[in-house]
Amino acid sequence: MQSVVESVGEHVEEFTAGDTVLPVFLPNCNECSDCESQKSNMCSIFENNFSPEMPRDGTSRFKDMNGIGAAWKVAEVEEGSTVAIFGLGPVGLAKFGVTDFVNPETCGEKSVSEVIKELTNGGADYCFECIGLASLMQEAFLSSRKGWGKTVILGVETHGAQVSLNPYEFLRGRSVIGSLFGGVKPKSDIPVFAKKYLDNV
């Protein structure tokens, strides 16, 4: 949600009243090892490099940097890759270009992972679990391609369930990685994304 700074307190130097900002939920001091790391998931409280002329409906594109960042920063999806998205809430829908939809209720005797393997000729290059169910995390992992498939977990499992994966599957080259806020650093990454949006790139 786009906001405007109404006032600032003593010792605040990054912002002034009237700045257009985007509030996010993680701190970014720009001094600690987390903030300085290229792989860090830490991010700033505000980002004030938006163009004041950016239309308000355009900022809705940034309200879920978790999904966008997961594809861009964490997975580093390449053009032409096959991607499977588990869950079409705000996070899942932040990934554009969906060509097929799999309804688990119409898969018959097959599991979702079996259907995805058939659709992708062996498994998706990248799988994104966006709901937070341990069973779907496992299904996403099994839907990834042997040899190099990468599964990114964005959802938060709140039911206390554990993910059970066969260690042998890791030896076949598959990998799993977690993603908090899409690995995005707002002070450097959101302005890049905003410029791409404004330039229709």
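This passage walks through a predicted model, from its overall architecture to a helix pair and a few individual residues.

The protein contains six helices and six strands. Read from the N terminus, these elements follow the order β-β-α-α-β-α-β-α-β-α-β-α. The chain is 201 residues in length, and 39% of these residues count as buried. Contacts across the sequence are well represented: among contacts in the protein with a separation of 6 or more, 69% are between residues 24 or more positions apart.

A convenient place to look at packing is the pair formed by helix 3 (112-119) and helix 4 (residues 134-143). As a reminder, two packed helices are described by the angle between their axes and the distance between the axes. Here the axes come within 8 Å of each other and cross at roughly 25°. Because this angle is under 35 degrees, helix 3 counts as roughly parallel to helix 4. The crossing of helix 3 and helix 4 is right-handed. On the helix 3 side, the residues taking part are Val112, Ser113, Ile116 and Lys117, and they meet Glu139, Leu142 and Ser143 of helix 4.

Within this pair, Ser113 deserves a closer look. The residue is found in helix 3 and has a relative accessible area of 5%, so Ser113 is buried. Once neighbours within four places in sequence are set aside, the contacts of Ser113 are with Glu139, Leu142 and Ser143, and these three residues are in helix 4. The side chain of Ser113 also makes a polar contact of 3.0 Å with the side chain of Ser111.

Turning to the cysteines, how many disulfides does a search of the whole structure find? The search returns zero. Two cysteines can be described in terms of their surroundings. Cys107 has a relative accessible area of 12% and is therefore buried. Cys127 is likewise buried, because its relative accessibility is 0%. Cys127 falls within strand 4 (126-129).

The loops offer some interesting backbone geometry. Most residues other than glycine have a negative phi. Which sign does phi take in Glu76? The value is positive, near 55°, in a residue other than glycine. Glu76 sits in the loop that links helix 2 (65-74) to strand 3 (83-86), and with 45% relative accessibility it counts as partly exposed. Asn121 also has a positive phi, in this case near 60°, and is again a residue other than glycine. Its place is the loop between helix 3 (112-119) and strand 4 (126-129). At 66% relative accessibility, Asn121 counts as exposed, because the value is over 50%.

Closer to the N terminus, Ala17 occupies the loop between strand 1 (3-4) and strand 2 (20-21). Is Ala17 buried or exposed? Its relative accessibility is 51%, so Ala17 counts as exposed. Even so, the residue has partners elsewhere in the sequence: beyond its neighbours within four places, Ala17 is in contact with Val5, Glu6, Ser7 and Val8. Ala17 can also be placed relative to Val4, with their positions 13 residues apart in sequence and 7.6 Å from C-alpha to C-alpha.

Key:
Residues numbered from 1 in each chain as written. Predicted model: local features only at pLDDT ≥ 70, side-chain atom pairs only at ≥ 80, totals over all residues. Heavy atoms only, no water. Helix = DSSP H or I, 4+ residues; strand = E, 2+ residues; numbered from the N terminus. Buried < 20%, exposed > 50% of the residue type's maximum accessible area, 1.4 Å probe, protein only. Disulfide = S-S within 2.5 Å. Polar contact = N/O pair within 3.5 Å; in protein donor to acceptor, adjacent residues only side chain to side chain. Contact = heavy atoms within 4.5 Å. Axes fitted to C-alpha atoms, helices over the stretch in contact; angles between N-to-C directions. Parallel < 35°, antiparallel > 145°, perpendicular 65-115°, else oblique. Left-handed = near helix turned anticlockwise from the far one by under 90°.
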